[in-house]
Amino acid sequence: MIRLVLNVLWLIFGGGIVLAVGYGIAALICFLLVVTIPFGVASLRLAVYSLWPFGRTLVPKPGAGVASGLANILWVVLAGWWLALSHIVAGVALCLTIIGIPFGIANFKLVPAAFWPLGREVVDMP
């Protein structure tokens with residue numbers, strides 16, 4: 001029950017909708033440029049994860065290979081470090097208030113996903 005409340009509050013006050021729309025637009029752009037479809041899939045995964053982060057976590061995908069590692073390096077150079085930095089800044093800003101601490105922690109939880117998204121999958125926590 002508490003996860004549901006936190007996720008609804010995250011959507012309204014924590015920036016979940018804004019993050020999901022931003023990652024969704026990035027995914028559409030990546031899908032339009034055919035070469036970047038794997039990055040579009042990763043952006044879509046980040047959009048869904050940033051929409052409902054409480055009660056879910058990111059784990060390594062068992063079938064991920066060398067190609068996803070090389071694509072992650074390209075991702076980090078082009079977009080990953082900017083995204084991770086923005087999540088860190090937002091997390092610090094949210095943690096300045098007592099009410100914003102859970103949302104800041106959710107932003108910190110999104111940092112590894114934004115930095116290194118390929119070869120990972122979002123799963124529900126028990």
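This passage walks through one helix, a pocket, a set of aromatic rings and a single glutamate in a predicted model.

Helix H3 is a handy place to start. With 15 residues at 1.5 Å a residue, H3 should span 21 Å, and its end C-alpha atoms are indeed 21 Å apart, so expectation and model agree. Quite a few residues of H3 are tucked away: the buried ones are Phe-39, Gly-40, Ala-42, Ser-43, Arg-45, Leu-46, Ala-47, Tyr-49 and Ser-50. These buried residues have plenty of partners, packing against helices H1, H2, H4 and H5 as well as strands S1 (56-60) and S2.

H3 also turns up in the largest pocket. Helix H2 (16-32), helix H3 (37-51) and helix H4 (66-95) each put at least two residues into the lining of that pocket. H4 chips in the most, with 7 residues. The pocket has a volume of about 290 Å³, and its lining is made up of 16 residues. Nearest the centre of the pocket lie Ala-26, Ser-43, Trp-75, Ala-79 and Leu-83; Ser-43 is also one of the buried residues of H3. As for chemistry, the lining of the largest pocket splits into 11 nonpolar and 5 polar residues, with no charged ones.

Next come the aromatic rings. The count comes to 5 aromatic pairs. One of them joins Trp-10 and Phe-103, with 6.2 Å from centre to centre and 40 degrees between the planes, which makes the pair tilted. Trp-10 belongs to helix H1 (residues 2-14) and Phe-103 to helix H5 (residues 101-115), so this pair ties together parts that are 93 residues apart in sequence. Both Trp-10 and Phe-103 are buried. Phe-54 joins in too: Trp-10, Phe-54 and Phe-103 make up one aromatic cluster.

That leaves Glu-121, which sits in strand S2 (residues 120-124). Its relative accessibility is 29%, so Glu-121 counts as partly exposed. Leaving aside residues up to four places away in sequence, Glu-121 touches Arg-45, Thr-57, Leu-58, Val-59, Pro-60, Lys-61 and Pro-62. Arg-45 in that list is one of the buried residues of H3, and S2 is among the elements that the buried residues of H3 pack against. Finally, Glu-121 and Pro-53 are 68 residues apart in sequence, while their C-alpha atoms are 13 Å apart in space.

Conventions. Residues are numbered from 1 along each chain as its sequence is written. This is a predicted model: local features need pLDDT of at least 70, side-chain atom pairs count only at pLDDT 80 or more; totals for chains, interfaces and linings use all residues. Side-chain values use heavy atoms; hydrogens and water are left out. Helices (H or I, at least four residues) and strands (E, at least two) are DSSP runs, numbered from the N terminus. Buried means under 20% relative accessible area, exposed over 50%, partly exposed in between (1.4 Å probe, protein chains only). Contact means heavy atoms within 4.5 Å. Rings of Phe, Tyr and Trp (its six-membered ring) pair if their centres lie within 6.5 Å; planes under 30 degrees apart count as stacked, over 60 as edge-to-face and the rest as tilted. On a 1 Å grid over the protein atoms alone, a cavity is a set of points where a 1.4 Å probe fits but cannot get out, and a pocket is an open set with protein on both sides within 12 Å along at least five of seven lines; lining residues have an atom within 4 Å of a point. Grid points are joined across faces, edges and corners, and a volume is the space filled by probe spheres set on the points. Ala, Val, Leu, Ile, Met, Phe, Trp, Tyr, Cys and Pro count as nonpolar, Asp, Glu, Lys and Arg as charged, and the others, Gly among them, as polar. The expected span of a helix is 1.5 Å times one less than its number of residues.
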